[in-house]
Amino acid sequence: MSGRNKITVVGAGNVGATAAHWIASKELADVVLVDITEGMPQGKSLDLAQAAPIDGFDVKLVGSNGYEETADSDIVIITAGLPRKPGMSRDDLLKTNSDIVGAVTEQVAKYSPNAIIIVVSNPLDAMTQVSFRKSGFPKNRVIGMAGVLDSARMRCFIAEELKVSVENVTAFVLGGHGDTMVPLPRYSTVAGIPITELIPEARLNEIVKRTANGGAEIVGLLKTGSAYYAPSLAAVEMAEAILKDKKKILPCAVFLEGEYGINNLFVGVPVKLGKNGVEQIIEISLTNDERAALQKSAAAVQELIDVLKI
Ligand SMILES: NC(=O)c1ccc[n+]([C@@H]2O[C@H](COP(=O)([O-])OP(=O)(O)OC[C@H]3O[C@@H](n4cnc5c(N)ncnc54)[C@H](O)[C@@H]3O)[C@@H](O)[C@H]2O)c1
């Protein structure tokens, strides 16, 4: 036991291993990397531990195929899952990943009953709901990562468009993770100036479209996998906000009970993250069009929940 915080990352594939890398290089917490593949999480942890003297981070890194090592984690990031295989329908994948995330969550909840869970596995909003139901944790302790990534993509494109620092750009994205996400240009700013005043509408629509298509664009380029540098850092930003009790406002998938007119469903909205996980759900006023787009996005998530019957 060290005096540091402890983060378990389940799934030591691209997203999981890169999350471990970011956590270590930020010296945020000790890391336990868990995967079903024998030797792989152990090998990646050992490799990363050997980078410590070079970068100068003092955190403990452990790889495991079980959960004993994960006991009493402060945060658990779940990235376990399978990509779609040839011949597999979206519903098949939904059920397979739901079984994986469900089984992982049971172990996580058993060994770390007080942890805060951050789900990354896709389909994101539905998998977060699976983890919420399986863990039995209160809703403030099960959070899905999508909005931080989606808004980072939009910020990246806006900064590129206006040739300004990414640090000057904020972007606002609501809704489920996927084609139906709802980027909100009028709440997106450059040094406080709404981007609607800086970028012509037609060009802005292209940026919004590229943001919603952000994951697919990278899959199209990589061909053998999906994005992982930005997704893993997005999950780590959420973990950092919690561990440091920053009260940071970030778009996250959280369980809504009437907020935005949505009930019993995980959907992406702005929340305040602090030591208790989700400390506040922030409701902003939406135009009729924005509200309709959010409802459509929630309906797409609800369809998956109906298939899973959870
Ligand atoms: N929410 C988002 O914005 C976002 C972004 C990127 C990726 N993702 C999702 O994150 C997940 C991981 O992506 P990746 O690129 O790291 O995939 P990957 O295939 O590289 O890694 C997944 C890992 O999960 C492991 N795994 C499978 N079943 C397991 C189980 N029962 N217990 C423990 N580990 C198990 C696999 O062995 C593999 O190493 C995918 O579902 C992907 O779609 C989500």
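This is a short dialogue on reading one helix and some salt bridges in a predicted model.

Me: How many residues does helix α6 have, and what span does it reach?
Reply: Helix α6 covers residues 147-162, 16 residues in total. From first C-alpha to last it reaches 22 Å, close to the 22 Å expected at 1.5 Å a residue.

Me: Which residues of α6 are buried?
Reply: Among them are Val 148, Leu 149, Met 154, Phe 157 and Ile 158. Asp 150 and Arg 153 are also on the buried list.

Me: What phi does Lys 163 take, just after α6?
Reply: A positive one, of about 55 degrees.

Me: How many salt bridges are there?
Reply: A salt bridge needs a Lys or Arg side-chain nitrogen within 4 Å of an Asp or Glu carboxyl oxygen. By this rule the count comes to 13.

Me: Which partner does Glu 161 take?
Reply: Arg 203, with the closest N and O atoms 2.8 Å apart. The pair links helix α6 to helix α7, 42 residues apart.

Me: Is Glu 240 buried or exposed?
Reply: Buried means under 20% relative accessible area. Glu 240 has 14%, so Glu 240 counts as buried. Glu 240 forms a salt bridge with Lys 26, at 3.4 Å between the closest N and O atoms. That pair joins helix α9 to the loop between α1 and β2, 214 residues apart. Lys 26 is partly exposed, at 36%.

Me: Which residues share a network with Glu 240?
Reply: Lys 26 and Lys 244, through salt bridges that share partners.

Note on methods:
Residues are numbered from 1 along each chain as its sequence is written. This is a predicted model: local features need pLDDT of at least 70, side-chain atom pairs count only at pLDDT 80 or more; totals for chains, interfaces and linings use all residues. Side-chain values use heavy atoms; hydrogens and water are left out. Helices (H or I, at least four residues) and strands (E, at least two) are DSSP runs, numbered from the N terminus. The expected span of a helix is 1.5 Å times one less than its number of residues. Buried means under 20% relative accessible area, exposed over 50%, partly exposed in between (1.4 Å probe, protein chains only).
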